[in-house]
Amino acid sequence: MDLVSDILKKIEKDLDGKDLKQQFSKKGEILELKDGVATVIGLDNAMFSEIVEFENGVKGLVLDLSPDTVGILVLGSQEGLWQGSVVKAMGKVLDVWVGEEYLGRVLDALGNPIDDEGKITPTAFSPVEKIAPGVIARKSVNTPLETGIKAIDTMVPIGRGQRELIIWNRQTGKTTIATDTIIHQKGKDVICIYVAIGQKDSKVRRIVEMLKEKWAMDYTIVVNAPANAPSVLQYIAPYVGCALGEYFMEHGKDALIIYDDLTKHAVAYREVSLLLRRPPGREAYPGDVFYLHSKLLERAARLSDEHGGGSLTALPIIETLDSDVSAYIPTNVISITDGQIFLETDLFNSWIRPAINVGLSVSRVGWSAQTKIMKKIAGKLRLELATFRELASFAQFASDLDISTQNKIEKGKRLVEMLKQSNNSPIPFNKQVVLVYAGINWYMDTLPLDKILEFEKNLYNKLDTTHKKLNQNIIKKQSLDDEIELWIKELITIVVEEIEVK
C-alpha cells in the first residue's frame with residue numbers, strides 16, 4: 001500500500017491541484033508490468049474490453065476490473081514501459097479492419113499483414129468481441145459444406161453454419177483434415193480463414209506454401225499467433241479471425257474458419273488469467289474458460305434470408321493428451337459443438353488415413369444438409385463398417401468362420417481400403433457417390449485388395465472423360481433416380497471387367 005500511496009501523491013502533485021477524480025477517469029499509471037499484463041491504477045471509469053494506449057504508442061486491452069486496479073493486456077512490445085508509465089483510455093472497444101482486401105494475405109494476431117506483400121487499405125472495420133446472432137436471425141443448417149474427404153462427406157457430413165470439432169492426440173492428421181477442406185472450397189464461393197494459435201512458424205509457412213501451390217490462397221486468409229508470440233496475442237487471435245469471417249457472413253457470403261488449436265488458446269488464457277490473479281479452478285484453468293470458447297463458437301451461424309443469408313462454419317481443433325477426452329478443455333468444447341470428428345492413433349499408425357474413428361464421430365445437424373443421393377447411397381456405410389469391426393475382432397479368436405461372416409469381413413476390408421485418401425487430394429461428392437455405390441453394393445468384392453486403388457483411379461478417369469454426362473447429372477439432380485442408377489451400374493461393371501481382364 002505504501003507504493004500505491006507514493007504513486008497517488010506523485011500523480012496528485014503532477015496534476016497541480018486539478019480534479020484528481022476527473023483526471024483518473026481518462027489517465028492512469030502502471031503499477032506492475034509482467035509478461036504482457038499491466039496492472040494499472042487510476043482508470044476508474046474503464047470499461048471491460050476497452051482499448052487503452054500506453055506511453056510507447058502500443059495499444060492495450062482491458063480484461064480485468066478490480067475495485068482499486070485495472071488489468072490490461074499489452075497488445076505489442078513492452079519496450080519503453082515501466083512502473084509509473086502513463087496509460088490513456090481511448091473510450092472504445094477493440095476493433096479490427098476487415099474486408100475482401102485481406103484475401104490471400106497472412107496476418108498477425110491483430111490483423112496486421114506480415115507476409116511482405118504490401119500494405120492493405122481496407123474500408124471497413126468490426127469489433128473483435130461481438131454478440132453471436134440470435135435465434136431469430138438464424139435459420140436451419142440445410143446446405144452441405146463438402147470437405148472432399150470421403151469418410152467425412154459420407155458418414156459425418158458438415159453443413160454450412162455448423163460447428164464441427166476435430167479432436168485427438170498430436171500427429172494424427174487433424175490439421176490435414178482442415179487444410180484439405182480449404183483446398184476443396186476452390187470454385188465453391190466459400191471464403192476460408194485459418195487461425196494458427198501457438199503453432200510453429202515453420203508449420204504455418206508450409207501450410208501457406210501448400211495453399212499457394214493449390215491456388216487456395218486466393219480465397220483464404222491466414223491469421224498467425226505463433227508459439228513464440230506472447231500469450232496475450234495467442235488469446236486474441238481467434239477473435240480477430242472470427243471478426244474477419246463474420247464480415248463475409250454478414251455480407252451474404254459463406255465462410256469457413258479453422259481454429260488450430262483451441263487447446264493452446266486455453267493454455268494462453270490460463271497464463272493470462274493467472275497473471276491477472278484470478279483464482280484457478282480445475283486443471284488450473286479459470287472458471288470462465290468455458291465462456292471463453294462458447295462465446296467464440298456461438299458466432300458460427302447460418303443467417304436467415306432476411307439477414308443476408310450468409311454463413312460462418314467453424315472447425316475448431318482440440319489436441320488431447322494420451323487420448324483423454326474427459327479432460328477439462330475437450331469436454332467443454334465437445335459440449336459446445338454440433339458434432340465431433342474423432343481420430344485414432346492406431347488407425348493412423350496402420351496407414352489408414354485419414355484416421356477417422358467412424359464409430360465415435362458424429363454430426364448432429366449435418367445430416368439435414370447432406371445431398372439426397374449421398375444420404376441414400378452412403379446411409380448403410382457406417383453400419384457396414386461397424387459390423388466389420390465387430391466381426392474382425394471376433395475373428396481373431398475363431399478358427400472356423402462361416403461363409404457369410406467371411407464375406408462380410410472381406411467386404412469390410414475393401415470398404416476400409418476404399419475410404420483411404422492421400423493428403424491434399426480432396427474428391428468431389430459426385431465421384432464419391434459412384435465409388436461408395438460400388439463398395440456398398442458388393443461390386444468390389446471380386447477384386448483383390450491391392451486393386452482397389454486402381455479401381456478408384458480408373459473410375460474417376462472415366463467420369464472425367466467418357467462418362468461426363470453422368471457426372472453432370474449427379475451434380476444437377478443430386479438424387480438417385482432409375483436413370484442415374486443404371487448409368488452408375490454400367491460404369492462400375494465396365495471398370496471392374498477391365499481390371500479383371502488384366
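Among contacts in the chain between residues at least 6 apart in sequence, what percentage join residues at least 24 apart? The figure is 73%. Good morning, everyone, and thanks for coming. Please keep in mind throughout that this is a predicted model.

Let me start with the whole chain. There are 502 residues, and 53% of them count as buried. The secondary structure comes to 17 helices and 17 strands. If you draw a box around the C-alpha atoms along the principal axes, it has sides of roughly 100 × 50 × 40 Å. The exposed surface is about 22,900 Å², with carbon and sulfur atoms supplying 52% of that area. On charge, I have 61 positive side chains and 69 negative ones, and the centres of these two sets are 3 Å apart.

Now to some strands. Have a look at S4, which covers residues 59-65. Is S4 mostly covered or mostly open? Mostly covered: five of its seven residues are buried. S4 has a partner on either side of it in sequence, so to speak, and I'll take them in turn.

With strand S3, residues 50-54, the pairing is antiparallel and runs over three bridges. If you want a pair of residues to find on screen, isoleucine 51 sits opposite leucine 61 of S4. S3 and S4 make a hairpin with four residues between the strands, and there glycine 57 has a positive phi, near 90°.

With strand S5, residues 70-74, S4 is also antiparallel, and here five bridges join the two. Here the pair to find is leucine 65 and valine 70 of S5, which stand opposite each other. S4 and S5 form a hairpin too, with four residues between them. As a general reminder while you look at these, side chains in a regular strand alternate between the two faces of the sheet.

On to the cysteines. How many disulfides does a search of the whole structure find? Zero. Cysteine 192 is in no disulfide, and the nearest cysteine sulfur to it, that of cysteine 242, is 15 Å away. Why is there no bond for cysteine 242? Because its sulfur is 15 Å from the closest cysteine sulfur, the one in cysteine 192, and that is too far. For reference, the cut-off for a disulfide is 2.5 Å between the sulfur atoms. As for their surroundings, cysteine 192 has 0% relative accessibility, so it counts as buried. Cysteine 242 is likewise at 0%, and therefore buried.

Next, let's walk along the chain around helix H7. Just ahead of it, the peptide bond from aspartate 260 to aspartate 261 is cis, with omega near -5°. Aspartate 261 has its place in the loop between strand S13, residues 254-260, and H7. That is a spot I'd invite you all to look at on screen.

In H7 itself, which spans residues 262-275, we find serine 273. Is serine 273 buried or exposed? Its relative accessible area is 2%, so serine 273 is buried. Leaving out residues up to four places away in sequence, serine 273 touches Arg278 and Pro286. Its C-alpha atom is separated by 9.8 Å from that of alanine 284, a residue 11 places along the chain.

That brings us to alanine 284, in the loop between H7 and helix H8, residues 289-297. The backbone there has a phi near 70°, a positive value in a residue other than glycine. Alanine 284 counts as partly exposed because its relative accessibility is 31%.

There is another positive phi in a residue other than glycine at aspartate 322, where the value is near 55°. You'll find aspartate 322 in the loop between strand S15, residues 311-319, and helix H9, residues 328-336. Its relative accessible area is 71%, so aspartate 322 is exposed.

One last stop, and it is another peptide bond. Arginine 353 and proline 354 are joined by a cis bond, with omega about 0°. Proline 354 lies in the loop between helix H10, residues 345-349, and strand S17, residues 362-363.

That's my tour. Thanks for listening, and I'm happy to rotate the model for anyone who would like another look.

Notes:
Residues numbered from 1 in each chain as written. Predicted model: local features only at pLDDT ≥ 70, side-chain atom pairs only at ≥ 80, totals over all residues. Heavy atoms only, no water. Buried < 20%, exposed > 50% of the residue type's maximum accessible area, 1.4 Å probe, protein only. Pairing = 2+ DSSP bridges. Contact = heavy atoms within 4.5 Å. Areas by Shrake-Rupley, 256 points an atom, 1.4 Å probe, with all protein chains shown as cover. Lys, Arg positive; Asp, Glu negative; His and termini not counted. Charge placed at Lys NZ, Arg CZ, Asp CG, Glu CD.
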